[in-house]
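Trainee: Please take me through chain B closely, and then set what you find beside its partner. I would like the cut-offs behind each term as you go.

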Amino acid sequence: MQKTTQMLERFGGVNLLPVALALLALLLIGSPSTWVTLTVAGLSMGMMIFLMASGLSLVFGLMDVLNFGHSAFVSFGAFVAASVLSALAAWNVGDNGFLNIVALLAAISAAAVFGLVAGWFFETVIIKPVYRDHLRQILITMGALIVAEQLILAIWGGSPVSVPRPAILAGSIIIGDISIEIYRVFAFGLGLLAYIVLYYALNRTRIGLLVRAGVENREMVEALGFRIDRLFVGVFMAGSALAAIGGAMWAGYETLITPALGSEMMILVFIVVIIGGLGSIEGSLLGALLVGLMGNYVAFLMPKMSLASNMLLMMAILLWRPYGLRPAVKL
Amino acid sequence: MSDTILSLEDVHTDIGQYHILHGISLQVPKGGVHVLLGRNGAGKTTTLRTIMGLWQARKGVIRFADADITGMHTSEIARLGIAYVPENMGIFGGLTVQENMRLATSNGRFDDQRLQHVFALFPAIEQFWSKAAWSLSGGQKQMLAISRAIIEPRRMILIDEPTKGLAPAIIRNMIDMFREVARDTTILLVEQNFLFARSLGRGVAVIEDGKIVHHGTMQALAADQGLQTRLLSLSLDAHQ
C-alpha cells in the first residue's frame with residue numbers, strides 16, 4: 001500500500017484525480033465527442049467555481065472566519081456585471097470585437113471593484129467584531145447574506161435577469177463532431193490566469209509569504225513583528241473581488257440569473273473549499289476541477305444525481321483525507 | 001542607565017475565567033542566560049506570553065529597556081528587538097526552511113555574515129535550506145526556531161522549554177549553542193530540565209502558582225540541594 005502511494009505521489013499524487021475521473025467518465029460515456037464537450041464544460045465550470053472558492057478558502061484558512069455571506073459577493077458580482085453589460089448593450093452585442101472586449105472588461109472590472117469595496121465594508125463592519133467566535137460568525141454572516149439577497153431583490157427585482165453575452169464570446173468552435181462553446185474556453189482561460197496570478201502572489205512575494213505563514217500560525221507571524229490584522233483586510237477584499245468576478249463569469253455562463261444564484265453556488269463553493277483543504281489555492285483549484293467535472297459527467301449519465309454526486313465526492317475525500325486533498329497547514 | 005533589560009512589576013494575567021499570574025515581579029539583567037524554573041502549570045509559559053503581548057496583563061507593568069510595553073501589540077514588542085521561541089517552536093510547516101528564516105528578517109533580505117554564522121551553529125539549516133519545514137525532525141525544527149530568533153541581532157530572546165522531547169545528545173549540543181548565542185544577547189529561558197538550566201543559567205527565578213517564590217543566582221541554587229527540593233521537588237543527584 002505504501003509503495004503504491006509513493007509511486008502515485010511520484011507521478012503527481014492527488015493532482016491526478018481529475019485525470020482519473022475524466023478517464024473513468026470516458027469509459028462510461030463511450031462517445032469521445034460527447035466526452036470532450038462535457039470535459040470542457042466541466043473544466044470551465046470548475047474554473048468559475050475556483051474563482052468563487054479561492055477567496056473563501058484563504059479567508060477560512062488565514063482568518064479562521066466562517067463567512068456564509070461569501071456568496072453575497074457572487075450574487076452582487078453577477079448582477080453588477082449584468083447591469084454593465086446591459087448598459088453597454090450597443091458595444092456588447094455589436095459586430096465590433098474591440099468594443100465587445102471593452103464591454104466585457106468593463107463588466108468584470110465593475111464586479112471586481114464592487115467586490116473590493118463591499119469586501120472592505122463587510123470585513124470592517126460585520127466580521128471584525130466577531131473574530132474568534134464561530135457561532136456569532138455563522139449567525140451574523142448568514143444574516144448578512146439574507147440582507148444582501150433582499151437588497152438584490154429591491155434593486156433588480158424578483159424576476160430572472162437576462163445577461164447579454166458579448167458577441168465575441170457567443171457561438172461555438174466546431175472540430176469534427178465536437179462542439180465547444182467559446183464562452184467556456186474564455187471562462188477556463190480567465191480562471192487559469194487568476195490561478196497563475198494568485199500562485200505567483202502567494203509564492204513569490206513577501207505579502208504572499210506572510211499570508212501562507214498566517215494561514216498556519218497567525219500568532220507566530222505577529223511574534224515575528226508583523227500586523228496580521230492589516231493583512232486580513234487585504235485578503236478579505238481580494239477574496240470578495242474574486243468571488244464577484246466568479247459571479248460575473250457565471251452570469252455570462254447562465255445568461256439568466258436570479259437573486260438566489262449566490263445561495264445555490266454556495267453549496268458547491270463550500271464543497272470545493274472542504275475537498276481542497278483550508279487556505280490552499282492549489283487545493284481550491286483541484287477541488288473546483290473535480291466538482292466541475294463530476295457535476296457535468298453525472299448530469300449527463302444520471303441527471304438527478306448531479307448535486308448528490310458532489311456530496312458523495314466530498315464525503316469520500318473526507319473519509320480518505322480528513323483535512324482535504326491539499327491543505328495549507330502541514331503538521 | 002539601568003543594568004536591567006526586562007522587568008515585570010506585580011503582573012497579573014487571566015486566561016478566560018482563570019487567574020494564572022498572581023502578581024509576578026521579576027528583573028532580568030542584561031546579557032547571559034536567565035532561567036525561569038517551575039513545575040508544570042506554575043505559570044512559566046504564561047509569563048513569556050504575557051511579556052510578548054500574546055496574552056494581555058490585567059494589572060501590573062512590564063518594561064523592556066526602560067520602555068513600558070504593557071498592552072503593546074505583539075508585533076510592536078517584537079520590533080523592539082525581542083524574539084520569541086514558543087514551546088511548540090512555531091515553525092511554519094508548509095514553508096521551506098529558507099522561507100521560515102526569511103520571515104524572521106525585517107526587510108526580507110539576509111545579512112550574509114549573519115547567515116553564515118547561523119549555518120556554522122546549525123549545519124542542518126543549510127543542509128535542509130530548500131526543504132519543507134514539516135519534513136524536519138524534532139531537533140532540527142528546534143534548531144530552525146532558534147535560528148529564526150538569531151538571524152538578526154536581537155536584544156532579548158524568550159525561549160520556552162527548548163529541550164522538551166529532544167534526545168540527550170541534541171541537548172548537549174544545544175548547551176554550547178546557547179552559550180554562543182548569549183554572548184550577543186540576553187536569553188530568558190523557561191525550562192523544566194534542571195541540568196540543562198544549571199549548565200547555562202546565570203540568574204534563576206522559580207515560579208509557583210503564578211508567583212515568583214525564589215530569585216537569585218543559579219550557582220547558589222545548584223549548590224543548595226535543600227532549596228532545590230523545597231522549590232522544585234528535585235535534587236541534582238536524582239537527575240544524574
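Mentor: Chain B has eleven helices and ten strands; both kinds of element are DSSP runs numbered from the N terminus, helices being H or I with at least four residues and strands E with at least two. This is a predicted model, in which local features need pLDDT of at least 70, side-chain atom pairs count only at pLDDT 80 or more, and totals for chains, interfaces and linings use all residues. Residues are numbered from 1 along each chain as its sequence is written, while chains are lettered from A and ligands numbered from 1 in the order in which they are written.

Start with the overall form of chain B. Its C-alpha trace spans about 45 × 45 × 40 Å along the principal axes. A compact globule of 240 residues would have a radius of gyration near 18 Å, and chain B agrees with that at 18 Å; the radius is taken over C-alpha atoms, and the globule rule is 2.2 Å times the number of residues to the power 0.38. Of the 240 residues in chain B, 42% are buried, a word that calls for 20 or more other C-beta atoms within 10 Å of the residue's own (12 or fewer is exposed, in between is partly exposed, and C-beta atoms are placed from the backbone). Among contacts in chain B with a separation of 6 or more, 68% involve residues 24 or more positions apart; a contact needs C-beta atoms, placed from the backbone, within 7 Å of each other.

Now to where the chains touch. Here 20 residues of chain B are in contact with 18 residues of chain A. On chain B's side, the elements giving two or more residues are α2 (74–79) and α3 (97–103), and α2(B) gives the most, with four. On the other side, have a look at Leu224(A), which sits in the loop between α10 (218–223) and α11 of chain A. Leaving aside neighbours within four places in sequence, Leu224(A) is in contact with Ala78(B), Leu103(B) and Ala104(B). Leu224(A) has 26 other C-beta atoms within 10 Å, so this residue counts as buried.

The loop leads us to helix α11 (residues 228–254) of chain A, whose 27 residues reach 38 Å from first C-alpha to last, close to the 39 Å expected at 1.5 Å a residue (that is, 1.5 Å times one less than the number of residues). Of those 27 residues, 21 are buried, leaving α11(A) mostly covered. Thr255(A) follows α11(A) with a positive phi, near 65 degrees.

For comparison, chain A as a whole has 14 helices and four strands. Buried residues make up 52% of its 331 residues, and its C-alpha trace spans about 60 × 55 × 35 Å along the principal axes.

One helix pair in chain A rounds off the picture. Helix α8 (residues 182–204) and helix α9 (residues 206–216) of chain A have axes that come within 5 Å and cross at roughly 85 degrees, where axes are lines fitted to C-alpha atoms, for helices over the stretch in contact, and angles run from 0 to 180 degrees between N-to-C directions. That makes α8(A) roughly perpendicular to α9(A); the label covers 65 to 115 degrees, with under 35 roughly parallel, over 145 roughly antiparallel and the rest oblique. The residues in contact include Leu202(A) of α8(A) and Val211(A) of α9(A).

Key
Two residues are in contact if their C-beta atoms, placed from the backbone, lie within 7 Å.
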